[in-house]
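Subject: Structure handover and findings

Dear colleague,

Please find below the structure I am handing over to you, together with its sequence. I would be grateful if you would read the notes that come after it with the model open.

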Amino acid sequence: MFFFFFGGLERQVRQVLKPGSGPCIFCGSRADLVHYEHVLKVFFVPVWRWPAKDPLMNCTNCSAFFPPHTTAATTAETTPTTLLDDALRCPNCSRVVDSEFRFCPFCGLSL
Ligand SMILES: [Zn+2]
Ligand SMILES: [Zn+2]
């Protein structure tokens, strides 16, 4: 049985999280950080849509989607400990802890 599939998978912006959060990697224009959703279209009619887990950058000029790691602003905030290995601080009691320790010797927090 042949099943001709006229349609495709598109990405549509659901919600703009951060307008103008970085430059487009393709054309250099302003790009927004957006939540997007996949839209399955058959004969140009949306038949199924589901939201994506991770936000993407969406260019306001060329409508290209690309991952936001080029701006690196959000990832740097979540992993600050990897940058300062020899002066690791406990996130709970903020005392300097040896980076080889898996638990804080002062408050017992798992590092
Ligand atoms: Zn662009
Ligand atoms: Zn501690």
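The notes below go from the chain as a whole to its strands and then to individual residues.

Please bear in mind throughout that this is a predicted model. The mean pLDDT of the protein chain is 83, and 78% of the residues reach a score of at least 70. Confidence varies between the elements: strand β4, residues 56–59, has the highest mean pLDDT, at 96, whereas helix α1, residues 73–78, has the lowest, at 50.

Overall architecture

The protein chain contains 1 helix and 5 strands. Read from the N terminus, the order of the elements is β-β-β-β-β-α. The chain has 111 residues, of which 10% are buried. As for contacts between residues at least 6 apart in sequence, 38% of them join residues at least 24 apart.

Strand pairing

Strand β4 takes part in two pairings that I would draw to your attention. With β2, β4 runs antiparallel, and 4 bridges join the two. With strand β5, residues 65–66, β4 also pairs in the antiparallel sense, here over 2 bridges.

Which residues stand opposite Met57 in these pairings? On the β2 side, Met57 of β4 faces Leu33. On the β5 side, Met57 stands opposite Phe66.

The hairpin formed by β4 and β5 has 5 residues between its strands. Within this hairpin, Ser63 adopts a positive phi near 60 degrees.

From β2 to β3

The loop between β2 (30–42) and β3 holds Phe44. The phi of Phe44 is positive, near 65 degrees, although the residue is not a glycine. Is Phe44 buried or exposed? Phe44 counts as exposed, because only 12 or fewer C-beta neighbours are allowed for that class and Phe44 has 8 inside 10 Å.

Val47 belongs to strand β3, which covers residues 45–51. Val47 is likewise classed as exposed, because it has 10 C-beta neighbours inside 10 Å. Once neighbours within four places in sequence are set aside, Val47 is in contact with Leu40, Lys41 and Val42.

The segment after α1

Two residues of this segment deserve a comment, Ser94 and Arg95. Ser94 has a positive phi of about 50 degrees, and Ser94 is not a glycine. With 11 other C-beta atoms within 10 Å, Ser94 is exposed.

Arg95 has 12 C-beta neighbours inside 10 Å. Why does Arg95 count as exposed with that number? The exposed class takes in residues with 12 or fewer such neighbours, so the 12 neighbours of Arg95 place this residue in the class.

What does Arg95 contact beyond its neighbours within four places in sequence? The residues concerned are Arg89, Cys90 and Phe106. Arg95 and Pro105 are 10 residues apart along the chain, and their C-alpha atoms are separated by 9.5 Å.

Points to keep in view

When you examine the model, the pairings of β4 with β2 and with β5 may serve as a starting point. The positive phi values of Phe44, Ser63 and Ser94 can then be inspected in turn. For helix α1, please recall the mean pLDDT of 50.

With kind regards

Methods. Residues numbered from 1 in each chain as written. Chains lettered and ligands numbered in written order. Predicted model: local features only at pLDDT ≥ 70, side-chain atom pairs only at ≥ 80, totals over all residues. pLDDT = per-residue confidence, 0-100. Buried ≥ 20, exposed ≤ 12 C-beta atoms within 10 Å, placed from the backbone. Contact = placed C-beta atoms within 7 Å. Pairing = 2+ DSSP bridges.
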